[in-house]
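Take a look at the protein shown below. The report after it starts with one helix and works outward to the whole chain.

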Amino acid sequence: MDLLLIRHADAAPKNVAARPIARDAVRLLDASRPLTKHGRARLWRTVHGLERLSVSFDRIYHSPKLRSTETADALSSLLHGETIVTRLLCAPPGEALLREIHGENVAVVGHQPYLGALLALVVAGGIALRFGLEPSCVAWLRGDLRPGGMHVRALLSRRVLRALATR
C-alpha cells in the first residue's frame with residue numbers, strides 16, 4: 001500500500017469567545033474553521049506537485065472538520081475512487097483506524113498531532129515519537145498498514161511541493 005498522510009491546508013484561526021462557553025460549543029467552532037485564501041493557494045501547489053509526481057488515489061479518508069473536507073475536495077482531481085469521512089481522524093490513532101483504511105493508493109487528510117502520531121504508529125510501531133507535519137505537507141509511506149509495517153518513501157514539504165508545481 002502507498003499511504004499519503006496529508007495535513008489540511010492553513011485554516012482560519014480559532015474563534016475566541018468573549019465569555020466562557022460550553023466545551024461542545026468550542027468543538028463546533030473549531031470544526032467549522034475554513035481554509036484561508038493563503039491556505040487554498042498553498043493547497044493548489046500541493047495538488048499540482050502531486051500531479052507532477054503522477055500520484056493518484058483510489059480512496060481519500062478525511063476527518064469531518066471543514067478544513068479537512070475542503071482539503072480532501074481539492075485533492076479529488078487525483079482520485080479514482082471514493083472519499084470517506086471518518087471521525088477516527090479526530091482522535092489519537094489506533095487499531096480501529098488501521099482496520100478502517102483500505103486500498104492500494106490511499107490519502108489520509110487530517111490534523112496534528114494525530115497525523116504525526118499515525119506516522120509514528122505505522123513506521124515505528126507506536127514508539128513515543130513526535131512528528132510535526134506543517135499544513136499542506138505530505139508524508140508518503142509504503143508497506144503494510146500495521147504498527148511498524150510501513151517505511152517513509154518521501155517527506156514532501158510545502159517548499160518541495162511548490163517547486164514541483166512550478167516546474
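Helix α5 has a run of buried residues: L115, G116, L118, L119, A120, L121 and V122. The model is predicted, and the helix spans residues 114-124. An α-helix has 3.6 residues a turn, so residues three or four places apart point the same way. What covers the buried residues of α5? The cover includes the strands β1, β4, β5 and β6, and also helix α4. Strand β6 takes in residues 150-156, and α4 takes in 95-100.

Both ends of this helix deserve a look. Ahead of α5 comes a loop that starts after β4, and P113 sits in it. The peptide bond from Q112 to P113 is cis, with omega near 10°. After α5 comes G125, and its phi is positive, near 75°.

**Positive phi outside glycine**

Two serines also have a positive phi. Phi of S54 is near 60°, while S136 has a value of about 70°. Neither S54 nor S136 is a glycine. S54 belongs to the loop between α2 and β2, and β2 covers residues 57-62. S136 belongs to the loop between α5 and β5.

Are these serines buried or exposed? S54 has 65% relative accessibility, over the 50% cut-off, so S54 counts as exposed. S136 has 0%, under the 20% cut-off, so S136 counts as buried.

**Salt bridges**

Side chains of opposite charge can pair when their charged atoms come close. How many salt bridges does the structure hold? There are five. The table lists three, including the one between D2 and R142.

| Salt bridge | N to O distance |
|---|---|
| D2 and R142 | 2.6 Å |
| R42 and D10 | 3.1 Å |
| D10 and R158 | 3.6 Å |

Start with D2 and R142, whose closest N and O atoms are 2.6 Å apart. This pair links distant parts of the chain. D2 is in strand β1 (residues 2-7), and R142 is in strand β5 (residues 138-143). The two residues are 140 residues apart. D2 has 10% relative accessibility, so D2 counts as buried. R142 has 33%, so R142 counts as partly exposed.

Now turn to R42 and D10, which meet in a salt bridge. R42 lies in helix α2 (residues 37-52), and D10 lies in the loop between β1 and α1 (23-31). The pair therefore ties together parts that are 32 residues apart in sequence. D10 has a relative accessible area of 16%, so D10 is buried.

D10 also meets R158 in a salt bridge. Here D10 sits in the loop between β1 and α1, and R158 sits in helix α6 (residues 158-165). These two are 148 residues apart, so the pair links distant parts of the chain. R158 is buried too, with a relative accessible area of 19%. Which residues form one network through shared salt-bridge partners? They are D10, R42, E134 and R158.

**The whole chain**

Step back to the full protein. Its secondary structure comes to six helices and six strands. What order do they follow from the N terminus on? The elements run β-α-α-β-α-β-α-β-α-β-β-α.

The C-alpha trace spans about 50 × 40 × 30 Å along its principal axes. The radius of gyration is 16 Å. A compact globule of 167 residues would have a value near 15 Å, so the protein agrees with that figure.

How much of the protein is buried? Of its 167 residues, 44% count as buried. The protein exposes about 8800 Å², and carbon and sulfur atoms supply 53% of this area.

Contacts also reach along the sequence. Take contacts between residues at least 6 apart in sequence: 66% of them join residues at least 24 apart.

Finally, consider charge. The protein has 24 positive and 14 negative side chains. The centres of the two sets lie 9 Å apart.

Methods. Residues numbered from 1 in each chain as written. Predicted model: local features only at pLDDT ≥ 70, side-chain atom pairs only at ≥ 80, totals over all residues. Heavy atoms only, no water. Helix = DSSP H or I, 4+ residues; strand = E, 2+ residues; numbered from the N terminus. Rg over C-alpha atoms; globule rule 2.2 N^0.38 Å. Buried < 20%, exposed > 50% of the residue type's maximum accessible area, 1.4 Å probe, protein only. Contact = heavy atoms within 4.5 Å. Areas by Shrake-Rupley, 256 points an atom, 1.4 Å probe, with all protein chains shown as cover. Lys, Arg positive; Asp, Glu negative; His and termini not counted. Charge placed at Lys NZ, Arg CZ, Asp CG, Glu CD. Salt bridge = Lys/Arg side-chain N within 4 Å of Asp/Glu carboxyl O.
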